[in-house]
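Hi everyone, thanks for coming along. I'd like to walk you through one structure today, at an easy pace, so please have it open in front of you.

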Amino acid sequence: MKTTLPPACRLSQRVLDTPELMPRDGANYSITDAQYAALDAGLTDGKSLLISAPTSTGKTLIGWWAAANGLEHGKKFVYLVSHRALASQKFDEIQKLFRGPWLGDDPHALVCATGDGVIDGSGRANSSPLSATILVATYEKYLALISAGGPPQDLSNVVFVCDEIQLIGDSSRGKHVELLLSVLKRTGWYQFIGLSAVMDDIGAQQLAHWLNLSLVKVDTREKSLTIEGRWRSGNLIARSTPNGIEPLHNLPTVKEMELNDMIQELVDLEKKPVIVFCMRVDDCYDLAEKWATTQAATQSVEAPAGLDLDAGLLQLINKRCAFHNAELSEAERAFVEELMKDKTVDVVFATSTLAAGVNFPLGSAVFSRWKRWDFDKREHVPIRRDEFQNMAGRVGRMGQGTGEGIVLATARGAPDLALLQQLMDFSTRETLGVGITPTDFGSLVIQLFAGGLCTTRDGAFALMSSTLSASREAEKGVGNVEHWRPHLNQQIDRLINTHCLIETKNRIVVTEFGKAVARSGLKPETVEHFLHYLNEHGEQAAQLLPTPEQKGRDDDLLFIFAHGSLLSPEFTLTGGPRTRNISYRFNRYGAVSNPQAEALDTLLFERPWVADPSAANGARALSEWAAGADRETLEQLVPDVRLGLIESMARDVSWLLAAVSEVIGSSSSLTLADAARHPLLRSTNPNLLHIRKFSRVLRRYAVRIAYGLPSECHWLKELELHGPARRLTRMQIVSIHQKGISRPHLLMDGSVEMDALRQEALPKVGRVSYANQVRDAARNWKVDQRRHFRRRHEKKAVMHGVENIISDLYDMKGKRLETAVINAFQDLGINCSVLDDGTKPAWPDLKIEFAASGMASDIVAEVKSKERETALVPLNDAIEVVSAAAIAGLSGTPVTTICSPGAEPSVPTAISGCNHLSVVELVDLAEAYLRIKDGNLTIADLHNWLTTPGIALTEDLPFNNF
Ligand SMILES: Nc1ncnc2c1ncn2[C@@H]1O[C@H](COP(=O)(O)OP(=O)(O)OP(=O)(O)O)[C@@H](O)[C@H]1O
Ligand SMILES: [Mg+2]
């Protein structure tokens with residue numbers, strides 16, 4: 001610790017006066033050695049640095065200083081992290097620190113972007129993350145964002161902080177980090193700060209040299225950490241203290257080696273909570289059970305409202321212990337973490353998911369083992385040293401008041417002790433891994449071309465040879481990476497074969513299809529897997545879609561596509577390494593009985609379905625999950641598969657379907673020349689109609705699978721509560737649905753009878769009555785959201801001098817709204833002719849004359865409005881345009897209904913099977929209009945958006961890049 005700041009440090013008075021940004025000990029400053037060293041190295045002069053310092057040395061604060069300093073100089077700030085949980089933790093922290101004082105409390109100035117979505121400080125979807133003043137993102141998401149729109153723009157006004165930058169050496173995820181950093185290296189930055197705890201000296205030097213950063217290396221910890229390696233006749237001690245690393249030494253004292261006894265010892269020492277690191281998920285359950293049998297239930301904890309908590313876990317919690325692993329739902333994990341912070345549990349049995357970079361209060365830790373089963377070697381092998389040290393480093397963190405950290409591990413014999421000794425040794429670090437290898441070229445090459453980073457084979461090779469991995473590979477071997485060239489060419493050929501790239505005599509260009517594939521992050525083979533299916537079976541499958549006349553078989557179709565997703569190349573080795581995995585638990589006992597698979601046999605992606613039990617079992621679970629089944633039902637489907645596993649599989653499949661939907665939607669635009677499309681998406685393909693029809697259907701299934709709810713309940717996810725929780729949980733919605741009150745008019749009904757049903761569905765927890773909150777929220781459904789977007793739109797309108805157009809769109813009803821819509825289109829240079837001039841009442845209102853602007857067709861439109869802000873356009877009105885167009889003799893023309901303020905929640909599903917019909921709500925139309933004014937959307941994009949069958953949402957508009 002240091003009590004002064006380095007002489008040249010230029011932290012602003014505001015930073016110095018903010019206690020969270022400047023820790024003090026009485027009147028003195030109190031900063032860590034790493035923090036001091038960073039300031040001393042010129043952090044506040046905009047110097048770019050690589051900070052390598054042990055765990056819990058306050059590296060995050062160094063990042064915040066860079067942020068504050070940058071913001072004060074008018075720069076933007078981008079904070080990149082290794083995974084989603086970390087992104088949301090840091091986003092919360094950043095909001096608390098910077099939103100008020102630095103950003104004038106503007107919630108849109110801060111955005112968090114991860115694979116789960118892009119939201120701003122108001123908790124709502126945000127469409128222009130790159131224009132945010134502060135952006136927190138995962139590496140992968142940021143790469144996708146900046147390479148989506150061609151060559152990356154100038155980033156010379158951005159301060160980057162890259163947390164856990166050692167991820168660059170990770171064998172599965174390093175490649176994306178490295179590619180991103182290669183891009184940033186080319187575009188430049190204002191300041192770049194890399195933060196890492198676990199890097200060897202050589203790796204750190206190489207990385208710093210490659211990015212032209214000054215290396216700031218600090219070896220001492222701020223809090224002492226002791227690791228004891230206990231064995232039959234002694235105790236090996238590794239200690240790292242603020243004074244440095246002590247040499248490893250052996251004490252003759254023999255100590256407890258039984259797990260439960262060691263846990264008890266730490267509990268007695270008040271080193272709580274104690275974390276027991278488990279190498280396998282099953283160990284978490286088994287070891288927790290063993291410990292719990294020795295404990296009495298001493299408390300009776302109540303789960304928070306809406307948390308679907310495992311019954312066994314609750315029993316453990318009442319005995320002051322818990323487990324924590326990837327099979328728990330996110331909400332369960334968050335709850336366990338809360339309990340650890342509150343000291344409601346003393347002992348937690350966890351896999352390394354708990355260890356990854358998140359700042360947790362741990363008193364001490366025990367390694368139940370430190371070896372994992374290696375399937376190739378068929379033996380147990382020690383975990384990597386960096387993993388061991390990172391796990392151990394969770395203990396004894398600053399600001400936790402638990403004194404010095406202690407970690408226990410045991411060795412069974414002399415060879416074991418030698419291995420453990422290597423893991424424990426604080427003075428040596430694991431060599432940085434190599435991020436990019438030829439097997440990764442597949443997923444990288446498409447990014448290079450789609451991101452406009454190169455246009456020839458040689459260019460691609462030059463880029464790959466300029467990566468850090470290439471220079472390290474060259475150093476290791478023959479001095480160059482010529483041997484990479486054939487691998488690279490092979491991947492380029494593959495992308496040409498899958499219609500992502502086109503090669504002319506002297507250059508390579510990326511097709512619209514290729515761009516869409518690159519944005520989606522999918523393997524091109526996955527998209528083809530769906531295209532081939534839809535080409536062959538689309539027509540037949542389309543017959544099962546709901547229409548205004550028939551209910552359809554939506555659940556069955558969802559099953560088919562969930563099954564198809566699990567059979568797709570993302571989960572296999574086709575087209576390169578797997579990008580997603582199905583947990584082995586789904587196939588532990590073979591295929592379970594599967595009535596849907598039986599019944600749908602001829603329509604499935606693969607037959608017979610029993611050939612792949614994982615996919616069939618997974619689809620079975622996802623189908624029930626998406627139909628809103630409760631935990632009990634779900635956990636009985638496939639033996640040993642818990643809710644959390646289904647939830648995480650749902651996340652993967654939802655991502656996949658949304659991505660496929662987007663690729664099909666954007667690369668089959670009717671206006672696009674046939675030669676530029678994938679062969680199956682060309683107008684000459686008679687099945688194109690069916691393929692396109694599924695684009696928005698797949699997106700709807702993606703949402704159903706993400707939420708685990710039937711379509712009619714989706715609107716409930718959007719309700720904005722004004723209590724401690726902002727949204728209803730899945731369990732609460734399921735219970736509303738089970739009571740039969742999920743329709744808006746029932747949920748907002750104030751009668752005694754409905755009140756009673758609502759109370760039953762949402763029992764009081766503590767003193768908070770959810771039932772009333774939900775009734776009120778239902779009455780205001782979308783109103784808040786609409787007001788929010790209206791305010792944003794009005795602000796933007798000022799920039800373009802179109803205030804009147806926007807306010808008319810929002811305010812006008814009936815005929816006058818029609819005029820407002822005409823004016824908006826006219827302002828974009830698109831003429832509208834009035835079809836229903838008062839003398840032809842059954843005719844549609846308007847013809848939007850896109851064809852005159854070179855688009856593939858005109859669009860026939862009907863404008864429907866409701867006077868009240870809370871009223872909605874019903875299904876019958878939403879589909880009227882179809883018959884109206886026929887009466888006017890315009891049957892072949894795409895039709896759309898513009899709804900003000902919005903459409904009833906049943907509409908999107910009910911129109912799934914309609915040809916040519918789209919529905920758009922006013923907010924979304926206003927958004928599209930303004931994006932064209934901004935230059936972020938083309939007329940062709942707008943045309944494609946409105947002619948894709950289904951509901952046209954802001955979310956389907958191409959991302960805004962500025
Ligand atoms: N100068 C300081 N004085 C006291 N506590 C501090 C100081 N700086 C940071 N902390 C606290 O120390 C804890 C650990 O900090 P932080 O998470 O930034 O560590 P880190 O170096 O990023 O570690 P890791 O490598 O494990 O991510 C936090 O709770 C933080 O609030
Ligand atoms: Mg950190």
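**Around the ligand**

Let's begin with ligand 1: one of its oxygen atoms sits 2.8 Å from a polar atom in the backbone of Ser56. Before I go on, please keep in mind that this is a predicted model.

Ser56 is not alone here. The backbone of Gly58 also offers a polar atom, 3.2 Å from an oxygen of ligand 1. With Arg394 it is the side chain that takes part, and an N or O atom there is 2.8 Å from a ligand oxygen. How much of ligand 1 does the protein cover? On its own the ligand has 640 Å² of accessible area, and the protein covers 81% of that.

Now widen the view a little. There are 18 residues around ligand 1, and those that come nearest are Gln35, Ser56, Lys59, Thr60 and Arg394. If you sort the shell by class, you get nine polar residues, five nonpolar ones and four charged ones.

Where does ligand 1 lie with respect to the domains? Both domain 1 (13-217) and domain 2 (225-424) give residues to its shell, so the ligand lies between them.

**The domains**

Since I've mentioned domains, here is the whole assignment for the protein chain. It starts with domain 1 (13-217) and domain 2 (225-424), goes on to domain 3 (452-507) and domain 4 (518-710), and ends with domain 5 (719-779) and domain 6 (813-956). To give you a feeling for distance, the centres of domain 1 and domain 5, taken over C-alpha atoms, are 40 Å apart.

**Salt bridges**

Next topic: charged side chains that pair up. How many salt bridges does a search of the whole structure find? The number is 66. I'll pick out a few.

My first pick is Glu720 with Arg124, whose side chains meet in a salt bridge with 2.7 Å from N to O. Look at where the two come from: Glu720 is in the loop between helix H26 (714-717) and helix H27 (730-738), while Arg124 is in the loop between strand S6 (117-120) and strand S7 (134-138). That makes the partners 596 residues apart, so to speak from distant parts of the chain. Are they buried or exposed? Both Glu720 and Arg124 are buried.

The next pair is Arg494 and Glu525, with 2.6 Å between their closest N and O atoms. Arg494 belongs to helix H17 (residues 485-497) and Glu525 to helix H19 (residues 524-542), so this salt bridge ties together parts that are 31 residues apart in sequence. Arg494 counts as buried because its relative accessibility is 14%. Glu525 is buried too, with a relative accessible area of 14%.

Then there is Arg580 with Asp652, where the closest N and O atoms are 3.2 Å apart. Here a loop meets a helix: Arg580 lies between helix H20 (554-566) and helix H21 (595-600), and Asp652 lies in helix H24 (residues 643-667), so the parts tied together are 72 residues apart in sequence. Arg580 has 23% relative accessibility and therefore counts as partly exposed. Asp652, at 18%, counts as buried.

Salt bridges can also join up into a group. Asp308, Asp310, Glu332, Arg631, Glu635 and Arg642 are linked in such a network.

**Some backbone details**

To finish, let's turn to the backbone. Most peptide bonds are trans, and most residues other than glycine have a negative phi. Here are some places to compare with that.

A cis peptide bond joins Lys272 and Pro273, with omega about -10°. You'll find Pro273 in the loop between helix H8 (259-268) and strand S14 (274-277). Arg607 and Pro608 are joined by a cis peptide bond as well, again with omega about -10°. Pro608 has its place in the loop between H21 and helix H22 (613-626).

As for phi, Asn212 has a positive value, near 60°. This residue lies in the loop between helix H7 (201-211) and strand S10 (214-217). Is Asn212 buried or exposed? Its relative accessible area is 66%, so Asn212 is exposed.

Arg378 also has a positive phi, near 55°. Its place is in the loop between strand S18 (371-374) and strand S19 (379-382). At 60% relative accessibility, Arg378 counts as exposed.

That's my tour, and I'm happy to take questions.

Technical notes: Residues numbered from 1 in each chain as written. Chains lettered and ligands numbered in written order. Predicted model: local features only at pLDDT ≥ 70, side-chain atom pairs only at ≥ 80, totals over all residues. Heavy atoms only, no water. Salt bridge = Lys/Arg side-chain N within 4 Å of Asp/Glu carboxyl O. Helix = DSSP H or I, 4+ residues; strand = E, 2+ residues; numbered from the N terminus. Buried < 20%, exposed > 50% of the residue type's maximum accessible area, 1.4 Å probe, protein only. Near = heavy atom within 4 Å. Polar contact = N/O pair within 3.5 Å; in protein donor to acceptor, adjacent residues only side chain to side chain. Areas by Shrake-Rupley, 256 points an atom, 1.4 Å probe, with all protein chains shown as cover. Nonpolar A, V, L, I, M, F, W, Y, C, P; charged D, E, K, R; others polar. Domains from an automatic or database assignment.
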